[in-house]
Every structure is written in C-alpha cells, then in structure tokens.
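Hi everyone, thanks for making time for this one. I'd like to walk you through a single chain, so please keep the viewer open while I talk.

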Amino acid sequence: VLFRSGWTITQVVHHIADSHMNAYCRFKLGITEDNPTIRTYDEKVWAELDDVKHLPINISVTLLFALHARWYESIRHLSDSDWNRTVFHPELQKTITLWYLLGMYSWHGKHHLAHITSLRERNNW
C-alpha cells in the first residue's frame, strides 16, 4: 500500500526524519537570527535517494529519537518573546512565528503517524 505521491511506508518514515531535521535547523535559525529565510527542499527527490532506498526504517526512528531530544532541549526554555520570533517561509510566501512552526511540525508528525497506524490496522500487523 502506498502513501502520498505513491510513497511506500519506508519512504514515509524516512521522510518524517528528513522533515524534522529540516525543522530543527529552521528553529535554530529562527532562534539565532532575525527573520531568516528558511531553506526549502524537494521532498519527493529526497524520498528517492539511496539512503531511503537501502537503509531500514529503524535508522530514521533512532535518528528521530535523538533529534527530538535535541530539539526539545533547544526550545524548552524559550520565553514568550522567543516563541514570537519569526522566520520567512519562501514556499508559503509568509513570515511565521516559531510557535506556528512548532504547530506545523507537530501536526506533520501526527499526520504521517496516522497514515502508518491506519495501514497497520488495515493489514492486521
């Protein structure tokens, strides 16, 4: 069973890791710079790279565990004014706060997790 744009479950898991690595960098830029323009990346092309094709998903699950620990530690003491710091998202063509960005990535992880868990339930895994 395939997901968005014909992706496999393996591609989805690796995509979450890729996305959240980018998110972590975007947050660090937002914390340390004044309204930086964040980089975009071609998710579809990244999902076709050799690491996605050849590495088991446990590599990305492990990476996510470590990455989320770092990300959490970098944001857990932010003040209200820090959360209102902004980045410019060129794909969205708008300036967004770190608070909004956190909501986007929280939704993103839950969105793909729902894809995976519903597939697991459908296939009785």
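**How the helices pack**

Let me start with a pair of helices: H1 passes H4 in a left-handed crossing. Before I go further, a word of caution: what you see is a predicted model.

Two helices that pack are described by the angle between their axes and the distance between those axes. What are the angle and the axis distance for H1 and H4? The angle is about 20°, and the axes lie 9 Å apart. With angles under 35 degrees counting as roughly parallel, H1 is therefore roughly parallel to H4.

Now, which residues meet there? On the H1 side they include Val-13, Ile-16, Ala-17, His-20, Tyr-24 and Phe-27. On the H4 side, among them are Val-61, Leu-64, Leu-67, His-68 and Trp-71. The residues of this contact between H1 and H4 divide into 15 nonpolar, six polar and two charged.

One of the H1 residues in that contact is His-14. Is His-14 buried or exposed? Its relative accessibility is 4%, and buried means under 20%, so His-14 counts as buried. If we set aside its neighbours within four places in sequence, His-14 is in contact with Asp-51, Val-52, Leu-55, Pro-56, Ile-57 and Ser-60.

Let me zoom out for a moment. The chain has six helices and two strands, and along the sequence they follow the pattern α-α-α-α-α-β-β-α. Taken along the principal axes, the C-alpha atoms fill a box of roughly 45 × 25 × 25 Å. Of the 125 residues, 33% are buried. For those of you who like contact maps: among contacts with a separation of 6 or more, 72% come from residues 24 or more positions apart.

On to the helix that ends that pattern, H6, which covers residues 98-122. How far apart are its end C-alpha atoms? They are 36 Å apart, which agrees with the 36 Å that its 25 residues should span at 1.5 Å a residue.

H6 also has a set of buried residues: Leu-98, Leu-101, Tyr-105, His-108, Gly-109, His-112, Ile-116 and Leu-119. If you're looking at the spacing in that list, recall that an α-helix has 3.6 residues a turn, so residues three or four places apart point the same way. And what do the buried residues of H6 pack against? Their partners are the helices H1, H4 and H5, together with the strands S1 and S2.

For the backbone fans, here are a few torsions to look at. Just after H6, Asn-124 takes a positive phi of about 55°. Asn-35, in the loop between H1 and H2, has a positive phi of about 45° although it is not a glycine. At 35% relative accessibility, Asn-35 counts as partly exposed. Gln-93 sits in the loop between S1 and S2 and has a positive phi of about 55°, again without being a glycine. At 57% relative accessibility, Gln-93 counts as exposed.

One last pair to select in your viewer is Lys-53 and Asp-80. They are 27 residues apart in sequence, and their C-alpha atoms are 41 Å apart in space. Lys-53 belongs to helix H3, and its 52% relative accessibility means that it counts as exposed.

That's my tour, and I'm happy to take questions.

Note on methods
Residues numbered from 1 in each chain as written. Predicted model: local features only at pLDDT ≥ 70, side-chain atom pairs only at ≥ 80, totals over all residues. Heavy atoms only, no water. Helix = DSSP H or I, 4+ residues; strand = E, 2+ residues; numbered from the N terminus. Expected span 1.5 Å × (residues − 1). Buried < 20%, exposed > 50% of the residue type's maximum accessible area, 1.4 Å probe, protein only. Contact = heavy atoms within 4.5 Å. Axes fitted to C-alpha atoms, helices over the stretch in contact; angles between N-to-C directions. Parallel < 35°, antiparallel > 145°, perpendicular 65-115°, else oblique. Left-handed = near helix turned anticlockwise from the far one by under 90°. Nonpolar A, V, L, I, M, F, W, Y, C, P; charged D, E, K, R; others polar.
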